[in-house]
Amino acid sequence: MKLILVRHGQSESNLNDLFTGWADPSLTDQGIEQAKEAGRLLNQTHILIDEVHTSLMTRTNQTVFYLLREMDCLWLPVYQSWRLNGRHYGQLEGQNKQAMREKYGDKQIALWRRGYDAIPPQREDVDDDRRYRYLDSHRLPIGESLKQTQERLVPYLEDVIFPALKHDKNILIVSHGNLLRAMTMFLENISPDRIDQIEINTAEPIVYDINALFEITNKNIYYRH
């Protein structure tokens with residue numbers, strides 16, 4: 001079976017160097033082109049994708065659309081879940097990263113961005129967005145460490161993704177940088193002290209070969225030109 005991970009293309013927040021998290025910017029023109037190129041790269045692999053899973057964010061769903069259109073696969077089923085949303089950055093969301101470095105210091109910002117346990121300053125309230133209206137408010141984050149992000153991701157892997165792989169489906173997951181870092185850590189059994197070494201580039205497909213025991217037998221990254 002194949003498990004394919006793709007980070008969304010460049011967003012407006014990426015372009016403007018803002019903390020994003022659960023904020024909902026769109027793709028830039030460059031991000032759209034990156035999503036298309038990811039589709040072309042996946043076409044070259046000749047992998048037949050069976051279903052797609054993504055977050056509730058605009059930038060991932062736009063990436064899915066342009067990627068699948070490039071592959072002539074817009075008919076594929078697409079499943080969305082808040083558990084595939086990016087890491088919630090709390091009060092940092094929407095803030096300029098350099099401005100936050102000047103306010104909190106480089107060391108603290110690096111810890112919030114690249115660490116495993118560090119929790120950014122939390123919001124006072126949960127996101128007041130109707131896309132989450134079916135969830136109990138206590139389940140919604142107001143600021144997450146990467147560890148907490150991983151903890152709400154793992155049930156989706158175990159309850160949804162792994163059973164699909166067990167049925168010999170090739171699965172594409174389009175999500176966010178920190179969420180995919182947490183997923184990589186879980187899939188590859190990477191220890192927390194090495195998590196800062198994991199980098200997920202925008203719109204560059206990562207393809208895992210998975211055997212019947214859910215062991216990774218091979219990993220390929222398809223780089224954009």
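How much space lies in the largest pocket? I opened my notebook with that one, keeping in mind that this is a predicted model. The largest pocket holds about 460 Å³ of space.

**Entry 1: the pocket**

I looked up the lining next. There are 24 lining residues, and those closest to the centre of the pocket are Arg7, Asn14, Lys97, Arg113 and Asn178. I then sorted the lining by class and found 11 polar, nine charged and four nonpolar residues. Three elements, α1 (12–15), α5 (106–114) and α7, give two or more residues each to this lining. The most comes from α7, which supplies three residues.

**Entry 2: asparagine 178**

Asn178 was on my list of residues closest to the pocket centre, and I wanted to see its surroundings. Asparagine 178 sits in helix α7, which covers residues 177–187. Is asparagine 178 buried or exposed? Its relative accessible area is 14%, under the 20% cut-off, so I noted asparagine 178 as buried. Its side chain makes a polar contact with the side chain of arginine 181, at 2.6 Å. Leaving out residues up to four places away in sequence, I found asparagine 178 touching Arg87, Tyr89, Arg113 and Leu146. Arg113 was a familiar name, since I had already listed Arg113 among the residues closest to the pocket centre.

**Entry 3: the cores**

I turned to the nonpolar residues. In soluble globular proteins, nonpolar side chains tend to be buried together. Here the largest nonpolar core has 27 residues, and Leu3, Leu5, Ile161, Ile173 and Met183 have the most contacts inside it. At least two residues of this core come from each of β1 (2–7), α6 (146–166), β4 (171–175), α7 and β5 (206–210). The largest share, eight residues, is from α6. So I wrote down α7 twice: as a supplier of the core and as a contributor to the pocket lining.

I picked isoleucine 173 for a closer look. Which residues is isoleucine 173 in contact with, leaving aside its neighbours within four places in sequence? My list reads Leu3, Ile4, Leu5, Val6, His53, Leu84, Ile161 and Met183. Another core lies apart from the largest one; it has 17 residues, and Ile4, Val52, Leu67 and Leu172 are among them.

**Entry 4: around α4**

At the start of helix α4 (residues 97–104), I found a side-chain oxygen of asparagine 96 within 2.9 Å of the backbone nitrogen of glutamine 98. Just after α4 comes glycine 105, with a positive phi of about 100 degrees.

**Entry 5: positive phi outside glycine**

I checked two residues that are not glycine. Aspartate 17 has a positive phi of about 60 degrees and is placed in the loop between α1 and α2 (29–45). With a relative accessible area of 31%, aspartate 17 is partly exposed. Histidine 46 has a positive phi too, near 60 degrees, and lies in the loop between α2 and β2 (51–54). I noted histidine 46 as exposed, because its relative accessible area of 68% is over the 50% cut-off.

**Entry 6: arginine 194**

My last look-up was the loop between α7 and β5, where arginine 194 is found. Arginine 194 is partly exposed, at a relative accessible area of 42%. How far apart are the C-alpha atoms of arginine 194 and glycine 115? They are separated by 9.3 Å, while along the chain the two residues are 79 residues apart.

Terms used: Residues are numbered from 1 along each chain as its sequence is written. This is a predicted model: local features need pLDDT of at least 70, side-chain atom pairs count only at pLDDT 80 or more; totals for chains, interfaces and linings use all residues. Side-chain values use heavy atoms; hydrogens and water are left out. Helices (H or I, at least four residues) and strands (E, at least two) are DSSP runs, numbered from the N terminus. Buried means under 20% relative accessible area, exposed over 50%, partly exposed in between (1.4 Å probe, protein chains only). A polar contact is a pair of N or O atoms within 3.5 Å; within protein, one must be able to donate a hydrogen and the other to accept it, and residues adjacent in sequence count only if both atoms are side-chain atoms. Contact means heavy atoms within 4.5 Å. A nonpolar core is a set of buried Ala, Val, Leu, Ile, Met, Phe, Trp, Tyr and Cys residues joined through side-chain atoms within 4.5 Å. On a 1 Å grid over the protein atoms alone, a cavity is a set of points where a 1.4 Å probe fits but cannot get out, and a pocket is an open set with protein on both sides within 12 Å along at least five of seven lines; lining residues have an atom within 4 Å of a point. Grid points are joined across faces, edges and corners, and a volume is the space filled by probe spheres set on the points. Ala, Val, Leu, Ile, Met, Phe, Trp, Tyr, Cys and Pro count as nonpolar, Asp, Glu, Lys and Arg as charged, and the others, Gly among them, as polar.
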